[in-house]
Each structure stands twice: as structure tokens, then as C-alpha cells.
Amino acid sequence: MKNNYQPYFDLAELIAKYLRNELTDKEKKDLEQWLGMDARNRELFTKLTDEAVISQQLEIFSASEKDRAWQRIAADTGFKKAEANQARKRSLYQYAAAVFILLAAGATVNHYFFKKEDKKPLAHHQTDLMPGGNKATLTLADGSKIVLDDAKHGKIATQQNVDIDKTQNGQVVYQVENKAEQASQPVAINAVAMNTVTTPRGGQYEVVLPDGTRAWLNAASSLTFPTEFTGNVRRVELAGEAYFEVAKNAAKPFFVKTAGQTVEVLGTHFNINSYADEKAVRTTLLEGSVKVTEDAGNSIVKLQPGQQAVKTAGGLSIIRNADIDEAMAWKNGKFLFRNTELRTIMRQLSRWYDVDVEYRGVVTERHYLGRISRNVPVSQVFQILRTSGLNFIIDGRKIIVKS
């Protein structure tokens, strides 16, 4: 059964007409009456008529998805509206932005405008959840740990002939001392110390490996690597998600071991998503070429830029026209949803906002379109998700999803 969102659309239409200077005398009185009811109504009106705020809301719709996003709002709410002609397209999107804000502010709007006879205060005020940031722990070969977000800039440790520094912008950089001397006296492979950088839920971090390879770790991830790449190969192990820009060295290929597969490269840019709670391991290539091999050795695929290898229980497959923007959204500071399942989105929110997720009642699977910054409180992400009629409750470090 459709939810009754018609009052929100009615109010949004009044505001859209105000912005176009098309209000009738009766509509002006209706708007003035609503503004006079409560200071929060006036605050909301100021927000809805601020061009900068509207532009921010329109960021939710990517350029190619505005029409589909609007159609989804209409389908989920049962709202029927004659399609606007091309000349009024901007008004339609401005109208959609107003609807988004109104739906997000639904409790206040409903209480102070559509149920005038009910003067009881709101039942509760939810606290918000702030986004994650640069947080990680470095585990040295002897098991000692360094909390990187607390460490001061400069040298933070030394492992064998390697200095470990934290830069001004928060990177961890491994620098091999006396490279010329070390080249004439190579260290045995089994003597090289292994380090691990681990990000918690709500954390991300950038590491520059001893060979100059750069790795960006997403939340709830870990990267294990030697303090010096000796021998004829470079090997690291990843759990979770990371984006790599591998330093070129044709004589020494770079291997990334993840769940159920190994990725081999010479020098390239690629992303690996290998979270244990996801249905597949996804390797997305941006530049160069990589070879992905199943651990069982039954399947090997070679990727070209713009392709993605998908490892499931059923084996390896290739998506030849991968959605690079979606794969790289986290690295670019965005959430990007393109027909994305609700539970997939909630796993992303759980990792980035460091929360647990609980589903109550019958919550059927839904798919979403939208784009929004990762550097916002979680309540702003809910603006996208609430358009399908779901309710999201913040209870400490838990998000409760209810139908």
C-alpha cells in the first residue's frame, strides 16, 4: 500500500511556485499561514529557498539519473504529476529537491502543518552519526602497535633498514635506507619483517610501500606487506577494500593476495573489493593490465582498462564495461548508488559510520539511485533511502531499519 506523501508534494509545489513567482493569492495565504505556525517552518522555508542548498540536494541525482530518480520517487509514493516540458525541466528537478528535503523533515512538517490539531511535542530527537576519517593502526613485525591517527609527524618506527615516516598530510611512507649498499648485500627473503596496516570501521588510510606503490585502504580493511621487497616478486595481502597505484617494475611483478584469488600486475591502477560479507570479490582496472587467478587454479582472466573481474563461489567472470565511477566512489569521497540493493548500502554505511544495522519487521529488498558525499552525517544519506517509505532510527551505535 502506498504511503500518503501527497501533503509533502502539495507543500513542495507551493514552494516551487514561490520560487517561480507563480503563487495565486490563495496560495500566498496558505504559505503565509504555514510560515506563521512555527519557527521551524520558517527555518525549513529558508532552507528550501536557498539556491546553494537546492544545488546540494540535486547532487543526490547524478546527471544521467535525474529522470530515473524522479520516476522512482513517483513510483514509490504513488504521486501522479503531468510531465513537464523541456522548458520547465529545471523546475521539475528543483521541485524534486524540495520533495527530498520535505520527506527527510517529514516529522516536523507533518506535525506542524498537516495535523494542526495535534500539539504534542515530537516523541524523540535522534542523535546523528558523523562520517569516518583517517584512522588506522600499524602492527610491526614484533607485534607492537602504533595508532597512526595519534602518531606525530616524522619518523614513527624503524624496521631493519627501513624508516617508517608519517607525513604532514597523514600518509605512512616506507623508505629503505642506503639502497645502493643494500643492493650489493641483499637480505634473505625469510628475514624480511612483515607489517600490517589495519583500518577500523569508520577509518581509511593511505600507505606508500617500500617500492613507491601507493595504497588507499577503505574502512574495515587490512594490508600486510614486507618492509622491503626482496627477491624477484613483490607480494602483499589484502582483506577488505583498497585502491592501488603500483610502481612500475617489469622485472619484479606485484601480487595482491585476497580471498580466493591472486592479482598479478607490473605497474597499474586498480581497485579490489574483497570484504568477507559481500557476495563477490571485485577487481576493477583503471589503467594498465592485470591477471586474476583463482586459488584453485581453475580459472585465469586478464583485464583491460574499464573491465572488472568478479570472483564468486561459482568461479571468475569478467564485466567488460564496468562501472568505474561506482567502484571508485569511496576513493573519491562519495557514495554512489546505481540500482544498488538496500542491504549492500547498509553494509557500506555500517563500515563507514562504525555502526551495526538491525532490520525489524518485514523489510523487502529495494534498489536505489543516488549520489552523495561520504563526508556528511548519516542522516543526509537517509534522505535518499527514505523516499521508498522506510524508517531509519539511530539507537547509539546502531541503525534500525523498519518498514
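1. Start with glutamate 278 in this predicted model. Setting aside neighbours within four places in sequence, glutamate 278 is in contact with Asn273, Thr344, Arg347 and Arg351. As for where glutamate 278 sits, look in the loop between β14 (269-274) and β15 (281-287).

2. Is glutamate 278 buried or exposed? Its relative accessibility comes out at 18%, and the cut-off for buried is under 20%, so glutamate 278 counts as buried.

3. Have a look at the arginine 351 side chain too. It makes a polar contact of 3.0 Å with the side chain of glutamate 278. Arginine 351 belongs to the stretch 342-353, which is helix α10.

4. On to the packing of α10. Its partner here is helix α11 (residues 378-385), with about 175° between the two and the axes 12 Å apart. Anything over 145 degrees counts as roughly antiparallel, so that is the label for α10 and α11.

5. Which residues make that contact? From α10 you get Ile345, Met346, Leu349 and Tyr353, and from α11 Val378, Val381, Phe382 and Leu385. The contact of α10 with α11 is made of eight nonpolar residues, with no polar and no charged ones. A bit of background for reading those numbers: an α-helix has 3.6 residues a turn, so residues three or four places apart point the same way.

6. Last, α11 itself. It is largely enclosed by the rest of the structure, because six of its eight residues are buried. Those are Val378, Val381, Phe382, Gln383, Ile384 and Leu385.

Notes: Residues are numbered from 1 along each chain as its sequence is written. This is a predicted model: local features need pLDDT of at least 70, side-chain atom pairs count only at pLDDT 80 or more; totals for chains, interfaces and linings use all residues. Side-chain values use heavy atoms; hydrogens and water are left out. Axes are lines fitted to C-alpha atoms, for helices over the stretch in contact, and angles run from 0 to 180 degrees between N-to-C directions. Helices (H or I, at least four residues) and strands (E, at least two) are DSSP runs, numbered from the N terminus. Angles under 35 degrees count as roughly parallel, over 145 as roughly antiparallel, 65 to 115 as roughly perpendicular and the rest as oblique. Contact means heavy atoms within 4.5 Å. Ala, Val, Leu, Ile, Met, Phe, Trp, Tyr, Cys and Pro count as nonpolar, Asp, Glu, Lys and Arg as charged, and the others, Gly among them, as polar. Buried means under 20% relative accessible area, exposed over 50%, partly exposed in between (1.4 Å probe, protein chains only). A polar contact is a pair of N or O atoms within 3.5 Å; within protein, one must be able to donate a hydrogen and the other to accept it, and residues adjacent in sequence count only if both atoms are side-chain atoms.
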